[in-house]
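Colleague: I would like to learn how the words used for a structure follow from the numbers. Could you take me through some of them?

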Amino acid sequence: MLFNSYIFIFLFLPLCVTVYFLLYAFRLERTARIWLLGMSLWFYGYFNPSYIIIICGSILMNYVVSRFLLRMRGIGRAGDAKAVMIVGVSANIALLFYFKYFDFFLSNLNTIFRTDFVMRNIMLPLGISFFTFQQISYVVDSYRGETKGYSLLDYAVFVSFFPQLVAGPIVLHNELIPQLRKTENHKPDAGNLARGLYLFSNGLFKKVIVADTLGNLVAAGFGGLEILTTIDVLLIIVCYALQLYFDFSGYSDMATGIASMFNIRLPLNFSSPYKARSILEFWDRWHMTLTRFLRQYIYFPLGGSRRGRIRTYVNIMIVFLVSGFWHGANWTFVAWGLLHGVAEVLTRRFRNGWDRIPALLQWFLTFGFVSSAFLIFRADSLSQAYIMFRKVATLESLTITPALLEGLTLPEVSHIEQLLHIDGLLGGKYGIHLWVSLAVVFYAAFGMQNCQEKKFQCDGKTLFQTVGMLTWSVVSLSGISTFLYFNF
C-alpha cells in the first residue's frame with residue numbers, strides 16, 4: 001500500500017490509529033499489538049499477499065536465532081553463539097541475495113563465461129533491503145546480549161511496523177520496542193497527533209507536488225537520450241538529485257509523522273543533506289540510519305579507524321561498496337558506491353587542504369559531485385551514463401530541448417493560466433515555468449530549515465500550512481506514483 005493513496009489516507013490510517021488506541025483504552029494491550037501487527041501485514045501485502053509469507057518466515061527465523069543466541073550466552077557457550085550468529089547473518093544475506101541479486105549473478109555468469117543460464121525473473125519483495133538490515137542488526141545485538149525480554153509479538157511488530165517497513169528509516173530494537181511498551185504511549189496525545197499530521201502533510205507535499213514534478217522532466221530526458229543537449233543533461237543531473245531527495249525525505253517525513261500519531265519517535269533520516277560542504281558531512285546528513293547501520297555493523301567490526309591509515313581507507317571502500325550494492329543489482333550502483341568511497345578517502349586524506357577552500361566553493365564542489373554521481377545511480381547502465389557525461393564534456397549544444405522547457409509545469413498552474421487567458425505566455429520558448437520552479441525548489445532545499453529540525457508549534461500558521469499542503473497533495477493524487485526507494 002502507498003502512503004500517497006486515497007485508501008491509505010482516508011481508510012487505512014484513521015482506522016488503524018483509532019482502533020489501536022481504543023483497544024488500549026479497554027486494557028486489551030496484547031490485542032492492540034496484534035492489531036498493529038495485522039494492519040502492518042495488510043499494508044505490506046496489499047499489492048501482493050505472497051509478500052506476507054516472505055516477511056513472516058524471515059521474522060520467525062530471526063527470532064528463533066536470537067533466542068538461541070541469548071540461551072547460549074546464558075550458559076557460557078560464547079564460541080557456539082558466534083557460530084550461530086554468523087549462520088543467522090548469512091541466512092539473511094542469502095535471502096536478500098536470492099530475491100535481489102540472483103538474476104544479476106546469472107546474467108554476469110552468462111556474459112563472462114558465455115553460459116546460457118535461464119533468468120528466474122524473481123519478484124523483488126518490497127522493502128526487503130530495509131527489513132533485512134534491520135533484522136541483521138537484531139541478530140548481532142542478540143549475540144551481544146542486548147535483546148533480552150522481547151517476546152515474539154514484540155519482535156514481529158518491531159520488524160513490520162508499517163510506517164518504516166518498506167523504505168526506512170532503519171530502526172534499531174532499542175529505539176522502537178521500549179516505546180511500544182511504554183504505558184504513557186498507550187493513550188492518544190493531541191500534540192503528537194498534530195505533529196504527526198503536519199509531518200505527514202509535509203512529506204506528502206514533497207512527494208506528490210515536488211518530487212513527482214521533477215520526475216516528469218527526468219523521465220522525459222531519459223526517454224529521449226539521443227537528442228539531449230549539454231544543458232539538457234545538466235538540468236537532468238540537478239533535477240534528479242533534487243527529485244531523489246524530495247522523494248525519499250518526503251517518505252521519511254511521512255513515516256515519522258505516522259509514527260508520531262502512535263506516540264512513537266523514529267530517528268531522523270535526513271538533515272538538509274544538500275547543505276553539506278564536504279562528502280563527509282553529506283553522509284552525516286543523507287540516509288542517516290543507513291549510514292549508522294554501516295558504521296556500527298560493518299565499519300567498526302572491520303576495525304574502523306583503529307588499525308592505521310591504509311586499513312581505515314580499505315574499510316571505508318568496503319563499506320561504500322556494500323552501500324552501493326545494497327541499493328540495487330546493477331553495476332551502476334557498484335560504481336556509485338566506489339565513487340563515494342574514493343571521495344570519502346580523498347577528503348579524509350587531504351582534509352587540511354579541503355578546509356582551506358572557501359565555504360561556497362566547498363558546497364558547490366560537494367553538490368556537483370553528489371548530483372553527478374546520482375546520474376550514474378539513475379542510469380540504466382554505465383554506457384548510458386557515459387553517453388550523458390560525454391554530452392556535457394563535449395558541449396554539444398547550449399540550447400534546451402523544447403520538451404524539457406515545460407517539464408516542471410504543474411497542471412494546477414496551467415489551469416490557472418487558462419482561466420486568466422495567459423496560457424503560453426509564461427512558458428513556451430522562454431521556459432519561465434522551468435526557471436521559476438527550479439528557483440523555488442532550490443530555495444526549499446538549500447535555504448529553508450528542515451521541518452524536523454524546527455521546534456513544532458501547534459498554532460494557526462502551522463494549521464494553515466498543514467491544511468494547505470494536505471489539500472493540494474490529495475487533489476493531485478490522481479497520478480499516483482511509487483516511491484523511488486521502493487526499487488532498492
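Modeller: Gladly! Keep in mind that this is a predicted model. Let's begin with Tyr245, which has a relative accessible area of 5%.

Colleague: What makes Tyr245 buried?

Modeller: Buried means under 20% relative accessible area. Tyr245 has 5%, so Tyr245 is buried. Tyr274 has a relative accessible area of 3%, so the word buried applies there too.

Colleague: Why is the pair of Tyr245 and Tyr274 called tilted?

Modeller: A pair of aromatic rings is described by the distance of the centres and the angle of the planes. For Tyr245 and Tyr274 the centres are 5.5 Å apart, which is within 6.5 Å, so the rings pair. Their planes are at 55 degrees; stacked needs under 30 and edge-to-face needs over 60, so the pair is tilted.

Colleague: Which parts of the chain does this pair link?

Modeller: Tyr245 is in helix 9 (residues 230-261), while Tyr274 is in the loop between helix 9 and helix 10 (279-285). The two residues are 29 residues apart, and the pair links distant parts of the chain.

Colleague: How many aromatic pairs are there by this rule?

Modeller: The count comes to 64 aromatic pairs. Phe3 and Phe43 form one of them, with ring centres 5.7 Å apart and planes at 35 degrees.

Colleague: What makes the pair of Phe3 and Phe43 tilted?

Modeller: An angle of 35 degrees is neither under 30 nor over 60, so this pair is tilted. Phe3 lies in the segment before helix 1 (6-25) and Phe43 in helix 2 (residues 29-44), so the pair ties together parts that are 40 residues apart in sequence. Both Phe3 and Phe43 are buried.

Colleague: Let's return to helix 9. Why are helix 9 and helix 19 called oblique to each other?

Modeller: Helix 9 and helix 19 (residues 432-447) pack at an angle of about 45 degrees, with their axes 11 Å apart. Roughly parallel needs under 35 degrees and roughly perpendicular runs from 65 to 115, so about 45 degrees counts as oblique. Helix 9 passes helix 19 in a left-handed crossing. Among the residues that meet there are Leu235, Val238 and Phe246 in helix 9, and Trp435, Leu438 and Phe442 in helix 19.

Colleague: And what makes helix 15 and helix 16 oblique?

Modeller: Helix 15 (residues 359-378) and helix 16 (residues 382-393) pack at about 140 degrees, and their axes are 8 Å apart. Roughly antiparallel needs over 145 degrees and roughly perpendicular ends at 115, so this pair is oblique. In the contact, Ser372, Leu375 and Ile376 of helix 15 meet Leu382, Ala385, Met388 and Phe389 of helix 16.

Colleague: How do you know that Ala81 is buried?

Modeller: Ala81 has a relative accessible area of 0%, and the cut-off is under 20%, so Ala81 is buried. Ala81 is placed in helix 4 (residues 78-113). Not counting residues up to four places away in sequence, Ala81 touches Leu69, Met72, Arg73 and Tyr143.

Colleague: What makes Leu280 buried?

Modeller: The relative accessible area of Leu280 is 13%, under the 20% limit, so Leu280 is buried. Leu280 lies in helix 10 and touches Glu344, Thr347, Arg348 and Arg351, not counting residues up to four places away in sequence.

Methods: Residues numbered from 1 in each chain as written. Predicted model: local features only at pLDDT ≥ 70, side-chain atom pairs only at ≥ 80, totals over all residues. Heavy atoms only, no water. Phe/Tyr/Trp six-rings, centres within 6.5 Å; stacked < 30°, edge-to-face > 60°. Helix = DSSP H or I, 4+ residues; strand = E, 2+ residues; numbered from the N terminus. Buried < 20%, exposed > 50% of the residue type's maximum accessible area, 1.4 Å probe, protein only. Axes fitted to C-alpha atoms, helices over the stretch in contact; angles between N-to-C directions. Left-handed = near helix turned anticlockwise from the far one by under 90°. Contact = heavy atoms within 4.5 Å.
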